Amino acid sequence: MAKSTAFDPVLSSRASAFLVGLAKAKQRQVLRLLFQLAEHPTQLGDYATREDGGREIQHLTAGDWHFSFWADHAVRELRITEINEL
């Protein structure tokens, strides 16, 4: 995971709490997917929603996982707002 990515993945407290509750093997799988996603921060999800403030949140299903995220271009971070296991 030491490979430099286009953006750094940054998890919300909700996404972090979900991640630490997973078994180690699943944590590694999710982290691998997050770093792959951060290499392509402008990737569109399967669908998008808007927050109350108007920010567009992308929603992407990858294998057994659903990720909600948005790219913060000003600081080169991919903000992961939610992670769910399908």
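Which residues does Leu 78 touch, not counting residues up to four places away in sequence? In this predicted model, Leu 78 touches Phe 7, Asp 8, Pro 9 and Val 10, together with Leu 37, Ala 38 and Pro 41, and also Phe 69, Trp 70 and Ala 71. Leu 78 belongs to the largest nonpolar core, which has 15 residues, and it is listed with Val 30, Phe 67, Phe 69, Ile 80 and Ile 83 as having the most contacts inside that core. Helix H1 (13–20), helix H2 (24–38), strand E4 (65–72) and strand E5 (77–85) each supply at least two residues of this core, and the largest share, four residues, comes from H2.

The strands form an open sheet of five, in the order E1-E5-E4-E3-E2, with mixed pairing. Strand E1 (8–11) and strand E2 (47–50) stand at the edges and have a single partner strand each, so that one side of each is left without a neighbour in the sheet. From one strand to the next, the twist averages 35 degrees. At one of these edges, E2 pairs with strand E3 (residues 56–62) in the antiparallel sense over four bridges; the bridge partner of Arg 50 in E3 is Glu 56, while Thr 49 stands opposite Ile 57. E2 and E3 form a hairpin with five residues between them, and Gly 54, which lies in the turn, has a positive phi of about 100 degrees.

Both helices pack on the sheet. H1 touches E1, E4 and E5, and its direction makes about 50 degrees with that of E5. H2, in turn, touches E1, E3, E4 and E5, with a direction that makes about 35 degrees with that of E4.

The geometry of H2 was examined further. At 1.5 Å a residue, its 15 residues should span 21 Å, and because the end C-alpha atoms are 21 Å apart, the expected span and the model agree. The buried residues of H2 are Gln 27, Val 30, Leu 34, Leu 37 and Ala 38; seen down the helix axis, they fall within an arc of 95 degrees and therefore line one face of the helix. An α-helix has 3.6 residues a turn, so residues three or four places apart point the same way. The buried residues of H2 pack against E1, H1, E3, E4 and E5. Two of these buried residues, Leu 37 and Ala 38, are also among the residues that Leu 78 touches, and another, Val 30, is listed with Leu 78 among the core residues with the most contacts inside the core.

How values were computed
Residues numbered from 1 in each chain as written. Predicted model: local features only at pLDDT ≥ 70, side-chain atom pairs only at ≥ 80, totals over all residues. Heavy atoms only, no water. Core = buried A, V, L, I, M, F, W, Y, C linked by side-chain atoms within 4.5 Å. Buried < 20%, exposed > 50% of the residue type's maximum accessible area, 1.4 Å probe, protein only. Contact = heavy atoms within 4.5 Å. Pairing = 2+ DSSP bridges. Axes fitted to C-alpha atoms, helices over the stretch in contact; angles between N-to-C directions. Expected span 1.5 Å × (residues − 1). Arc of directions from axis to C-beta.
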